[in-house]
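Please find below a short set of numbered remarks on the model under review. They concern one helix position and the salt bridges.

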Amino acid sequence: MDEARDPAMAGRRAVDRPPVWAAARRPYAVLALVAVCFTVVQLVFTARIGLGWDESVYLSQVARGVPAAEFTAPRARGVQLLAAPVALLTPSVTAIRWYLSMLSGIALFLAYAPWIRLRPGSLAPLAAALFAGLWLSVLYGNEAMPNMWLAYCAVAGVGLACLADRRPASGLATAGVVAAFALASLLRPSDATWLAAPLLAYGIVRRRARLFAAVAAGLVIGWAQWMGEALVRFGGPMARLRAAGAENATGLHFSLPDHLRALNGPLLCRFGVECGGFPPAQIAWFAAVPVVAGLGVWAARRRSLLAAAACGLSLAFVYLFTVGYAAPRFLLPAYALLALPAAAGVVWLCRRRGTAVLAVAGVACYFALQARSVVVHGGQIQAARAVNPAVAARLQQLGMRPPCFLYGHDAVQIAYLARCAAHGVFRHYGGRSSVPSSIRAALRRGEWVGVITASRRPPAPFLTSWTAVELRLDGGTRRYVFLPPGH
């Protein structure tokens with residue numbers, strides 16, 4: 001029957017069709033589902049992992065009852081601001097992990113949500129899933145480290161910048177650009193600047209004064225805090241920049257081989273850590289990212305996706321060519337941004353019969369590989385860091401009570417758990433016979449002092465006169481603590 005001749009049938013068909021507003025909100029619902037799944041995966045697989053060295057430093061600045069660890073020149077204050085709402089109440093690692101897991105899921109949703117307005121449909125949810133499915137994202141999603149949170153700021157900042165560049169300009173989007181880059185610069189001002197460089201260049205070349213001012217204003221907030229602290233604690237901005245460069249081994253380098261080896265672990269390819277070989281499966285997806293992302297930029301021909309690719313590659317360039325070592329987390333902001341044009345490339349491939357099967361199979365293999373890596377590496381890291389609470393418990397049995405000072409292997413992590421001050425070292429405990437100044441100061445203050453090592457053999461001459469006590473741990477793991485004479 002012709003609907004035009006039967007108004008009742010036409011009315012029923014109109015009621016059966018989903019309303020326009022429901023279709024428009026479907027991508028947001030899918031993105032929310034991706035964010036919820038991301039949080040659940042973290043709670044299941046990584047919420048029980050103990051603190052790493054850098055996390056302990058950041059959290060000790062605000063954690064209740066924990067002495068602040070040494071805050072070195074390269075660090076910035078953004079991470080402790082994120083963790084403060086819970087850390088100020090309790091130093092519990094479990095509470096902080098759960099809080100950061102939930103905050104990470106919310107941040108994932110907020111970061112990719114502006115891209116639904118730029119590219120309605122499946123692109124933003126797929127990009128969020130590709131990034132959230134990365135084993136590094138799952139591992140660092142609930143860690144008190146800057147890189148993952150910088151990734152969220154980068155995705156949100158670039159997306160909001162593209163919205164603010166539209167005509168008529170959106171005041172809310174412009175304010176969001178300022179907020180995103182302000183938080184990014186509080187997390188890592190140098191990284192935020194490299195991420196913003198293509199946007200700043202675009203603002204100058206195309207005379208987008210409003211966009212340029214919004215991005216620059218956000219960067220100024222973080223840099224102002226960093227330089228103000230440099231004047232107070234590090235002898236000025238230039239002195240702090242030099243100290244940060246020396247600690248981070250900056251200069252002209254080519255660290256791509258190290259980054260490729262680190263794709264399958266370890267988390268830090270430095271300080272004598274064996275980086276291993278080149279994992280073919282991990283290198284395959286790494287190599288596919290720029291190819292598929294380039295295809296997505298070409299197929300979509302959208303300025304927003306080009307901006308995402310340019311900002312991501314800008315940061316990747318810095319870590320591949322100006323830093324002399326590798327840690328896979330360094331590239332998380334680049335992965336988060338490149339996931340957007342890569343998702344566009346996958347969508348384009350799926351629309352063609354000849355390449356759809358290949359695209360779906362490739363994405364499935366990617367997620368399977370990342371899931372395996374989460375289980376394997378997450379388990380290894382959890383086991384390695386589980387040693388530190390056991391060491392802290394054994395030290396307390398030896399009589400360690402605050403005020404106390406720990407020095408040496410994993411000392412920062414153990415000190416956080418034991419509520420002690422600390423100075424951590426990787427290998428060099430001191431090449432001279434004299435006692436390090438930090439230990440002498442703790443002894444003068446009358447604190448309980450211990451030097452933690454992984455070997456009974458004294459790693460420094462000054463420890464030959466100290467008493468070595470073996471700390472027997474479960475699983476045959478051994479640590480030793482050297483106690484000063486008369487302790």
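**Notes on the model**

1. Val-30 lies in helix α2, which spans residues 20-45; helices here are DSSP runs of H or I of at least four residues, and strands are runs of E of at least two, numbered from the N terminus. With a relative accessibility of 39%, Val-30 counts as partly exposed. The terms are used as follows: buried is under 20% relative accessible area, exposed is over 50%, and partly exposed is in between, with a 1.4 Å probe and protein chains only. The C-alpha atoms of Val-30 and Leu-126 are separated by 9.0 Å, although the two residues are 96 residues apart along the chain.

2. On provenance, this is a predicted model, in which local features need pLDDT of at least 70 and side-chain atom pairs count only at pLDDT 80 or more, while totals for chains, interfaces and linings use all residues. Residues are numbered from 1 along each chain as its sequence is written, and side-chain values use heavy atoms, with hydrogens and water left out.

3. A salt bridge is taken as a side-chain nitrogen of Lys or Arg within 4 Å of a carboxyl oxygen of Asp or Glu. By this rule the count comes to 16 salt bridges.

4. Asp-54 pairs with Arg-75 in one such salt bridge, with the closest N and O atoms 2.8 Å apart. This pair links distant parts of the chain, 21 residues apart: Asp-54 belongs to helix α3 (residues 53-60), and Arg-75 to the loop between α3 and α4 (78-87). Asp-54 is partly exposed at 23% relative accessibility, whereas Arg-75 is buried at 11%.

5. Which residue forms a salt bridge with Asp-165? The partner is Arg-208, and the closest N and O atoms of the pair are 2.7 Å apart. Asp-165 sits in the loop between α9 (146-164) and α10 (171-187), and Arg-208 in the loop between α11 (189-205) and α12 (209-233), so the salt bridge ties together parts that are 43 residues apart in sequence. Asp-165 and Arg-208 are both buried.

6. A further salt bridge joins the side chains of Glu-229 and Arg-233, at 3.3 Å from N to O. Both residues lie in helix α12, four residues apart, or about one turn of the helix. Glu-229 is buried, with a relative accessible area of 9%, while Arg-233 is partly exposed, at 44%.

7. Finally, Glu-55, Arg-97, Glu-143 and Arg-385 are joined into one network by salt bridges that share partners.
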